[in-house]
Amino acid sequence: MSVLFDLHDRTAVVTGATGALGGAVARGIARAGARVALLARRPEPLAVLAAELGPETLAVPCDVHDRAALEAARAAVVDRFGSIELLLAFAGGNVPEATLAPDASAFDLDLDAVRTVVDLNLLGALGSISAFGPALAASPADDRAIVTVSSMAATRALTRVGGYGAAKAALENMTRWLAVELGRRGVRIRVNAIAPGFFVGDQNRALLLRPDGTPTERGRTIVEKTPLGRFGEPDDLVSTAVWLCSPGARFVTGAVIPIDGGFSAFSGV
């Protein structure tokens with residue numbers, strides 16, 4: 001079993017590495033034996049995480065919207081580690097301006113804010129994939145993998161966050177498309193997504209929790225609709241991310257794996 005989930009002799013690039021989910025997954029990938037290149041916009045927390053993970057880690061401050069910066073990051077990673085086998089595109093999220101106020105009309109949706117959300121979640125992931133994909137394709141390893149991050153909002157209409165849901169739905173579709181295109185062309189890069197349920201992070205904390213840490217009305221509704229009865233914790237994602245990157249998933253591509261405590265399975269009745 002240890003061989004199936006072993007990531008030794010693999011280099012993984014993790015974008016959005018300073019986020020709660022990206023950081024947890026970067027730690028898990030490192031524990032599974034991979035060399036890890038951490039990418040994020042904020043250099044200070046990036047350096048702290050790199051120091052925590054040890055000498056087989058490289059911190060590269062980088063904005064996924066900047067193609068030149070992504071290409072420079074790719075060169076730095078290959079120069080340091082020799083090859084790249086894994087890409088975990090975890091940069092993403094919502095912005096407050098794209099979230100409707102509770103009493104607002106759907107016709108009030110800020111289209112500029114929606115463009116920002118699509119740019120971050122869809123084009124940011126695609127930019128990372130197109131920048132690092134050639135390095136994955138050039139690796140001599142038999143099994144290479146890309147993991148993107150979807151959301152419950154991709155397949156279910158969640159109130160107030162329609163722009164975010166649309167962006168994640170597009171990313172799911174693109175993930176499947178890439179899996180098909182890369183597979184049928186013999187590139188041997190697997191492409192899958194994870195779809196987290198409701199995890200509390202900096203971007204959604206005010207929607208889910210009051211300042212005293214108790215759930216908001218929306219937060220209570222989510223927990224009630226989650227059969228396991230709680231919000232997710234970042235470490236809940238780690239084993240699935242490691243599996244999708246590992247030899248144990250070598251025949252898995254084009255899949256979207258929910259990690260949601262049963263939220264997507266529950267009808268509410």
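**A surface patch, two positive phi values and a buried asparagine**

Met1, Leu4 and Phe5 come together as a nonpolar patch on the surface, and their combined accessible area is about 300 Å². The model here is a predicted one. Within this patch, leucine 4 belongs to the segment before β1 (11–15). Its relative accessible area is 31%, so leucine 4 is partly exposed, falling between the 20% and 50% cut-offs.

The segment before β1 also holds aspartate 9. Its phi sits near 65 degrees, which is a positive value in a residue other than glycine. Most residues other than glycine have a negative phi. As for solvent, aspartate 9 counts as exposed because its relative accessibility, 59%, is over the 50% cut-off.

Arginine 160 is another case to look at: phi is near 80 degrees, again positive and again in a residue other than glycine. This arginine is placed in the loop that links β5 (144–149) to α5 (162–184). With a relative accessible area of 26%, arginine 160 ends up partly exposed.

Then there is asparagine 94, in the loop between β4 (86–89) and α4 (111–138). Relative accessibility is just a number until a cut-off is applied; at 16%, asparagine 94 is under 20% and therefore counts as buried. Leaving aside residues up to four places away in sequence, asparagine 94 touches Thr99, Val117, Val161, Tyr164 and Gln203. With one of these, threonine 99, there is also a polar contact between the side chains, at 3.2 Å.

Note on methods. Residues numbered from 1 in each chain as written. Predicted model: local features only at pLDDT ≥ 70, side-chain atom pairs only at ≥ 80, totals over all residues. Heavy atoms only, no water. Patch = residues over 30% accessible without salt bridge, like charges linked within 9 Å, V, L, I, M, F, W, Y side chains within 5 Å. Areas by Shrake-Rupley, 256 points an atom, 1.4 Å probe, with all protein chains shown as cover. Salt bridge = Lys/Arg side-chain N within 4 Å of Asp/Glu carboxyl O. Helix = DSSP H or I, 4+ residues; strand = E, 2+ residues; numbered from the N terminus. Buried < 20%, exposed > 50% of the residue type's maximum accessible area, 1.4 Å probe, protein only. Polar contact = N/O pair within 3.5 Å; in protein donor to acceptor, adjacent residues only side chain to side chain. Contact = heavy atoms within 4.5 Å.
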